[in-house]
Amino acid sequence: MDIFSILTMIGGLALFLYGMNVMGDSLAKLSGGKLEQILEKLTSKRIMAVLLGMAVTAVIQSSSATTVMVVGFVNSGIMKLRQAIGIIMGANIGTTVTAQLVSIDMNGLAPLALGIGIILYLFSGKPKIKHIAEVLIGFGILFTGMDFMKEAV
């Protein structure tokens, strides 16, 4: 592995982690405290938490991204550890579901999410729209970072 590949891998990892951070913080701001209530309802039963983890992983095609988001939610106090366990188990199960969705290229959505998010962020004065824009920007950065890491390896 040459130095360029190593630097690309490190840069991709940095983008991935930063995107997760931006997306998690923006979701928390957007929910205005309601995210905790929503997650509490969706994860009140273990089977529901597992199904939620499977669904999120199937949609974003990354159990790692799901796990990082959940760990961020636990770290910020939005979720409790007992809620996170079911979601992470579901994320691991969802990885097998993801294999069925491989034909859908989520990386093509990253530039679109970034473009829409940046335009909304720059031209909107409403805080709620800015938070939605930040979620889109975080999503785009996250998948751009994943693409960089994939190409480096």
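Is leucine 120 partly exposed or buried, and what is its relative accessible area? In this predicted model, leucine 120 is partly exposed, because its relative accessible area is 31% and buried means under 20%. The surroundings of this residue lead into the helix packing, so the overall fold is set out before returning to it.

The protein consists of seven helices and has zero strands. Read from the N terminus, the order of elements is α-α-α-α-α-α-α. Of its 153 residues, 37% count as buried. Among contacts between residues at least 6 apart in sequence, 74% join residues at least 24 apart.

Leucine 120 lies in helix H6, which spans residues 109–123. Not counting residues up to four places away in sequence, leucine 120 touches Ile129, Ala133 and Leu136. These three residues also appear on the H7 side of the contact between H6 and H7. Lysine 130 is ten residues from leucine 120 in sequence, and the two C-alpha atoms are 6.6 Å apart in space. Isoleucine 118 is also found in H6. With a relative accessibility of 40%, isoleucine 118 counts as partly exposed. Its C-alpha atom is separated by 9.2 Å from that of lysine 130, twelve residues apart along the chain.

The description now moves from residues to whole helices. Two packed helices are described by the angle between their axes and the distance between the axes. For H6 and H7, the axes come within 7 Å and cross at roughly 150 degrees. The two helices are therefore roughly antiparallel to each other, since angles over 145 degrees count as such. Their crossing is left-handed. On the H6 side, the contact is made by Leu109, Ala110, Ala113, Leu114, Ile116, Gly117, Ile118, Leu120 and Tyr121. The H7 residues that they meet include Ile129, Lys130, Ala133, Glu134, Leu136 and Ile137. Further along H7, Phe139, Gly140, Ile141, Phe143 and Thr144 also take part. By class, this contact has 15 nonpolar, three polar and two charged residues.

Helix H7, residues 127–152, also packs against helix H1, residues 3–31, with axes that come within 7 Å and cross at roughly 160 degrees. That angle makes H1 roughly antiparallel to H7. The crossing of H1 and H7 is left-handed. Sorted by class, the residues in this contact are 19 nonpolar, nine polar and three charged.

What is the reach of H1 from its first C-alpha to its last? The helix has 29 residues and reaches 42 Å, close to the 42 Å expected at 1.5 Å a residue. Its buried residues are Ser5, Thr8, Gly12, Phe16, Gly19, Met20, Val22, Met23, Gly24, Ser26 and Ser31. Just after H1, glycine 32 takes a positive phi of about 55 degrees.

Two of the buried residues of H1 can be followed individually. Threonine 8 is found in H1. It counts as buried because its relative accessibility is 18% and the cut-off is under 20%. Leaving aside neighbours within four places in sequence, threonine 8 is in contact with Phe148 and Ala152. Phenylalanine 16 has its place in H1 too. At 6% relative accessibility, phenylalanine 16 counts as buried. Apart from residues up to four places away in sequence, phenylalanine 16 touches Ser64, Ala65, Val68, Ile141, Leu142, Gly145, Met146 and Met149. The C-alpha atoms of phenylalanine 16 and valine 68 are separated by 9.8 Å, although the residues are 52 apart along the chain.

Phenylalanine 16 leads to another helix pair. The axes of H1 and helix H4, residues 63–75, come within 10 Å and cross at roughly 50 degrees. H1 and H4 are therefore oblique to each other. Their crossing is right-handed. From H1, the contact uses Phe16, Met20, Met23, Gly24 and Leu27, while H4 supplies Ser64, Ala65, Val68, Met69 and Phe73. By class, the contact of H1 with H4 has eight nonpolar, two polar and no charged residues. Among these H1 residues, Phe16, Met20, Met23 and Gly24 are listed as buried.

Terms used: Residues are numbered from 1 along each chain as its sequence is written. This is a predicted model: local features need pLDDT of at least 70, side-chain atom pairs count only at pLDDT 80 or more; totals for chains, interfaces and linings use all residues. Side-chain values use heavy atoms; hydrogens and water are left out. Axes are lines fitted to C-alpha atoms, for helices over the stretch in contact, and angles run from 0 to 180 degrees between N-to-C directions. Helices (H or I, at least four residues) and strands (E, at least two) are DSSP runs, numbered from the N terminus. Angles under 35 degrees count as roughly parallel, over 145 as roughly antiparallel, 65 to 115 as roughly perpendicular and the rest as oblique. A crossing is left-handed if the near helix is turned anticlockwise from the far one by less than a right angle, and right-handed if clockwise. Ala, Val, Leu, Ile, Met, Phe, Trp, Tyr, Cys and Pro count as nonpolar, Asp, Glu, Lys and Arg as charged, and the others, Gly among them, as polar. The expected span of a helix is 1.5 Å times one less than its number of residues. Buried means under 20% relative accessible area, exposed over 50%, partly exposed in between (1.4 Å probe, protein chains only). Contact means heavy atoms within 4.5 Å.
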